[in-house]
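Please open the model in your viewer and keep the sequence panel beside it, so that each selection can be followed in both places. The tour moves from one selection to the next, and at each stop it says what to look for.

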Amino acid sequence: MSDTVRVGEENVEEQAGSLQGAAEYFQVNPLLPCDESSTITANSRGKAAYYRAQEVASQIGGNLDREAENIRSLGAKFTEYDEMLAGLWESGTRYPVITAVE
């Protein structure tokens with residue numbers, strides 16, 4: 001059994017990459033050319049609904065990008081913490097250890 005915990009950096013990067021790949025699907029897309037001459041209420045409300053939906057999609061994409069960065073950061077912090085604990089383990093205890101004499 002190992003005295004250290006190994007962070008699966010490949011797994012961390014794979015998961016972060018998956019989130020970033022998904023975030024690419026949540027980008028704002030302009031409304032394709034449509035009826036500009038109509039004045040009916042449904043036309044303007046439809047456009048407004050489309051743009052609100054695009055705004056939400058953009059926010060989801062941004063959130064996924066932030067989560068990918070959080071995963072990378074967490075992996076790096078875990079590695080740093082593990083190295084610190086390994087250093088403490090190697091340096092021994094702060095206080096002298098009293099052992100029984102045979």
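Select Glu-13, Glu-69 and Arg-72 together and show their side chains, for in this predicted model these three residues are linked in a network of salt bridges. Side chains of opposite charge can pair when their charged atoms come close. A search of the whole structure finds two salt bridges, and you can visit them one after the other.

Begin with Glu-13 and Arg-72, whose salt bridge has its closest N and O atoms 2.7 Å apart. This pair links distant parts of the chain, since Glu-13 belongs to helix α1 and Arg-72 to helix α2, with the two residues 59 residues apart. Keep Arg-72 selected and add Glu-69, because the side chains of these two residues also meet in a salt bridge, at 3.1 Å from N to O. Here both partners lie in helix α2, three residues apart, which is about one turn of the helix.

How buried or exposed are the three members of the network? Glu-13 is partly exposed, with a relative accessible area of 40%, and Glu-69 also counts as partly exposed, at 43% relative accessibility. Arg-72 has a relative accessibility of 22%, and because buried means under 20%, Arg-72 counts as partly exposed.

Now select residues 9–23, which make up helix α1. At 1.5 Å a residue, the 15 residues of this helix should span 21 Å, and if you check the distance between its end C-alpha atoms you will find that they are 21 Å apart, which agrees. Within α1, colour Val-12, Ala-16 and Ala-23, which are buried. If you turn the view until you look down the axis of α1, the buried residues fall within an arc of 20 degrees, so they line one face of the helix. These buried residues of α1 pack against α2. On the face turned away from the buried side of α1, select Glu-10 and Glu-14, which are exposed.

For the last stop, go to helix α2, which covers residues 41–91, and select Gln-54 within it. Is Gln-54 buried or exposed? Its relative accessibility is 12%, so Gln-54 counts as buried. Which residues is Gln-54 in contact with, once its neighbours within four places in sequence are left aside? Add Gln-27, Val-28 and Asn-29 to the selection, for these are the residues in contact with Gln-54.

Conventions: Residues numbered from 1 in each chain as written. Predicted model: local features only at pLDDT ≥ 70, side-chain atom pairs only at ≥ 80, totals over all residues. Heavy atoms only, no water. Helix = DSSP H or I, 4+ residues; strand = E, 2+ residues; numbered from the N terminus. Buried < 20%, exposed > 50% of the residue type's maximum accessible area, 1.4 Å probe, protein only. Contact = heavy atoms within 4.5 Å. Expected span 1.5 Å × (residues − 1). Arc of directions from axis to C-beta. Salt bridge = Lys/Arg side-chain N within 4 Å of Asp/Glu carboxyl O.
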